[in-house]
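Okay, everyone, thanks for coming. I've got one model to walk you through today, so let me put it up on the screen.

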Amino acid sequence: ASRVGKPSFIVVLAITVGLLATALTGYALIVARDRDRGVFQRLRVTPAPTWTIMLSRIIVQVAFDIIVTILVLVIGIRIHHIHISGVEFVSTLLIAMLGAMVFLSIAQALVGMLHSAVTVNAVGGFLYIALLLTGILGPSGTLGSTFQSVSEWTPVGTVVAVFQSALHEIPWSGHTWLCLLTCICYIVILGGIGIKWFKWDAR
């Protein structure tokens, strides 16, 4: 069977696509719209520290992503008759948390650099499609070896690679550790940009 045809890989793709979608077309747009409506400006006058306002939203989003991941895993296991151990199940949830943070850091950078909800929506949709296509088509090699090599280090490519190792579809190797490190770099760099440049009002 081809790589895309493997049931476990289909489940991994479903989880990854869901995490990416909720971040770029969900979280980013909600934050941008709330900023346009003055929600963040009103929250800043409350006694709560400003960093807790954004952190609480991220925690809620990650919790939602974990619930969705569990549902996708359970449904995928039943439909495709996939046999995974308890360790693999827990590992997949941990990687889902990592993937959620990677994609949320991209979304945070997006709302940090773009102030209009309309612009965030448009750019977020384009970025979603671009990351999805490079992450899915790139590793297959259909677009050439150079594109394949580049796509492996995109946010989607690295998250999928770590997911596959967690499910023992591919061995946990030095390449997996590099993908894990790359995911952490995405979180730190893009999350830092999103936090530093974030504007609490639409002006």
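Let's start on the inside: how do the residues of the lining of the largest cavity divide into nonpolar, polar and charged? The split is 6 nonpolar, 1 polar and no charged. Keep in mind, by the way, that this is a predicted model.

So who's in there? Ser 8, Val 11, Leu 73, Ile 77, Ile 82, Ile 84 and Leu 167 make up that lining. Helix 1, residues 7–36, and helix 3 are the elements that put two or more residues into it. The volume comes out at about 40 Å³, and the search over the whole structure turns up 2 cavities of 30 Å³ or more.

Now the pockets. The largest one has a volume of about 300 Å³. There are 14 lining residues, and the ones closest to the centre are Met 54, Ile 58, Gln 108, Gly 191 and Ile 195. Two or more residues each come from helix 3, helix 4 (86–113) and helix 8 (174–197). Helix 3 gives the most, with 5 residues. By class, you get 10 nonpolar, 4 polar and, again, no charged residues in this pocket lining.

Last stop, the surface. Ile 67, Leu 71, Ile 75 and Ile 79 form a nonpolar patch there, with about 410 Å² of accessible area together. Take Ile 67, which sits in helix 3, residues 50–80. Is Ile 67 buried or exposed? Its relative accessible area is 52%, and the cut-off for exposed is over 50%, so Ile 67 counts as exposed.

How values were computed
Residues are numbered from 1 along each chain as its sequence is written. This is a predicted model: local features need pLDDT of at least 70, side-chain atom pairs count only at pLDDT 80 or more; totals for chains, interfaces and linings use all residues. Side-chain values use heavy atoms; hydrogens and water are left out. Patches are made of residues with over 30% relative accessible area and no salt bridge: like charges are joined within 9 Å, nonpolar side chains (Val, Leu, Ile, Met, Phe, Trp, Tyr) within 5 Å. Accessible areas come from the Shrake-Rupley method with a 1.4 Å probe; for residues, only the protein chains shown count as cover. A salt bridge is a side-chain nitrogen of Lys or Arg within 4 Å of a carboxyl oxygen of Asp or Glu. Helices (H or I, at least four residues) and strands (E, at least two) are DSSP runs, numbered from the N terminus. Buried means under 20% relative accessible area, exposed over 50%, partly exposed in between (1.4 Å probe, protein chains only). On a 1 Å grid over the protein atoms alone, a cavity is a set of points where a 1.4 Å probe fits but cannot get out, and a pocket is an open set with protein on both sides within 12 Å along at least five of seven lines; lining residues have an atom within 4 Å of a point. Grid points are joined across faces, edges and corners, and a volume is the space filled by probe spheres set on the points. Ala, Val, Leu, Ile, Met, Phe, Trp, Tyr, Cys and Pro count as nonpolar, Asp, Glu, Lys and Arg as charged, and the others, Gly among them, as polar.
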